[in-house]
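User: Hi! I have a model open and would like to go through it with you, a few residues at a time. Could you take my questions as they come?

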Amino acid sequence: MKRWTEDLGAWASSLRFSGFTALVVVLVIAGALIVSPSLSTFVQQRREIAELRESVKLHKEAVTEIDAERAKWKDPVYVRSQARDRLFYVMPGETQLNVVDDVVLPVESDEKTSAKLTRVESDWARGIVSSFLSAGTAAPPVDPSTQDPAAPDPAAQNPDPETTTPEVPEGEPTQ
């Protein structure tokens, strides 16, 4: 190690600096300092341009996919098939069969399946109306945790809600 430092010292002492050498070194350093901000800006802008080109490429691909999807929806056959698949629509006179395969029977099962199809006859419109009316006219359920156990049940005292009078707290005028 000592010899290496001696060689380095001998080399440094053999160098001769003139005024011209110092001027060239200062000019090179000044040029590097002047050019470095512009160079870093150039590199940053090139990176942004590459990112924007990639973004434009991705957006063009998305637009192409959307145009292809829109072209599919202009085809009446595709619209009909989507209505059948998604909304379970059928053409007049057709009977739709839905197969639900969420129940997996074991292979060694002894259960027999019926060969006959069954049809459930129900009036779904009447069912919706009755459900709507019963939900709208039903009394709200009483929460037993908020009710005083010693208080009598108001529904048991007066079962007809039309003849009940609202209770007025003390201190408020009645009409």
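User: Let's begin with Gln-82. Which helix is Gln-82 found in?

Analyst: Happy to help, and keep in mind that this is a predicted model. Gln-82 is found in helix α3.

User: Is Gln-82 buried or exposed?

Analyst: The cut-off for buried is under 20% relative accessible area. Gln-82 has a relative accessible area of 14%, so the residue counts as buried.

User: Leaving aside neighbours within four places in sequence, which residues is Gln-82 in contact with?

Analyst: Contact here asks for heavy atoms within 4.5 Å. With the neighbours within four places in sequence set aside, Gln-82 is in contact with Trp-73 and Leu-87.

User: Where do the buried residues of α3 sit around the axis?

Analyst: The buried residues in α3 are Tyr-78, Gln-82 and Ala-83. They cover an arc of only 140° around the axis, so they lie on the same side of α3.

User: And what do the buried residues of α3 pack against?

Analyst: On the other side of α3, Pro-76 and Val-77 are exposed. The buried residues of α3, for their part, pack against α2.

User: How many Å does α3 reach from its first C-alpha to its last?

Analyst: Helix α3 covers residues 76-87, which is twelve residues. At 1.5 Å a residue, 16 Å is expected, and the helix comes close to that. From first C-alpha to last, α3 reaches 16 Å.

User: What phi does the residue just after α3 take?

Analyst: That residue is Phe-88, in the loop between α3 and α4. Phe-88 counts as partly exposed, at 48% relative accessibility. Although Phe-88 is not a glycine, its phi is positive, at about 60°.

User: Moving on to charges, how many salt bridges does the structure hold?

Analyst: Side chains of opposite charge can pair when their charged atoms come close. For a salt bridge, a side-chain nitrogen of Lys or Arg has to be within 4 Å of a carboxyl oxygen of Asp or Glu. The structure holds three.

User: How far apart in sequence are the parts that Arg-84 and Glu-94 tie together?

Analyst: Arg-84 forms a salt bridge with Glu-94, with the closest N and O atoms 3.1 Å apart. Arg-84 lies in helix α3 while Glu-94 is in the loop between α3 and α4, so the pair ties together parts that are ten residues apart in sequence.

User: Are Arg-84 and Glu-94 buried, exposed or partly exposed?

Analyst: Partly exposed runs between the 20% and 50% cut-offs. Arg-84 has 31% relative accessibility, and Glu-94 has a relative accessible area of 37%. Both Arg-84 and Glu-94 are therefore partly exposed.

User: What about Asp-67: which residue does Asp-67 form a salt bridge with?

Analyst: The partner lies in helix α2 along with Asp-67, three residues apart, about one turn of the helix. Asp-67 is partly exposed at 37% relative accessibility, and the partner is partly exposed too, with a relative accessible area of 49%. The closest N and O atoms are 2.9 Å apart, and the partner is Arg-70.

User: How far apart are the closest N and O atoms of Arg-126 and Asp-123?

Analyst: Arg-126 is exposed, with a relative accessible area of 62%. Asp-123 counts as partly exposed at 43%. The two form a salt bridge, and their closest N and O atoms are 3.9 Å apart.

User: How many of the residues of α4 are buried?

Analyst: α4 has 14 residues and reaches 20 Å from its first C-alpha to its last, close to the 20 Å expected at 1.5 Å a residue. This helix is hardly covered, and its count of buried residues is zero.

User: How much area does the nonpolar surface patch have?

Analyst: The patch is made by Met-1, Trp-4, Leu-8, Trp-11, Leu-15 and Phe-17. Phe-17 lies in the loop between α1 and α2, and Phe-17 is exposed with a relative accessible area of 68%. The patch has about 810 Å².

User: To finish with the whole chain, what share of the residues is buried?

Analyst: The chain has five helices and zero strands. About 17,200 Å² is exposed, with carbon and sulfur atoms supplying 61% of it. Of the 175 residues in the chain, the buried share is 2%.

How values were computed. Residues numbered from 1 in each chain as written. Predicted model: local features only at pLDDT ≥ 70, side-chain atom pairs only at ≥ 80, totals over all residues. Heavy atoms only, no water. Helix = DSSP H or I, 4+ residues; strand = E, 2+ residues; numbered from the N terminus. Expected span 1.5 Å × (residues − 1). Buried < 20%, exposed > 50% of the residue type's maximum accessible area, 1.4 Å probe, protein only. Arc of directions from axis to C-beta. Patch = residues over 30% accessible without salt bridge, like charges linked within 9 Å, V, L, I, M, F, W, Y side chains within 5 Å. Areas by Shrake-Rupley, 256 points an atom, 1.4 Å probe, with all protein chains shown as cover.
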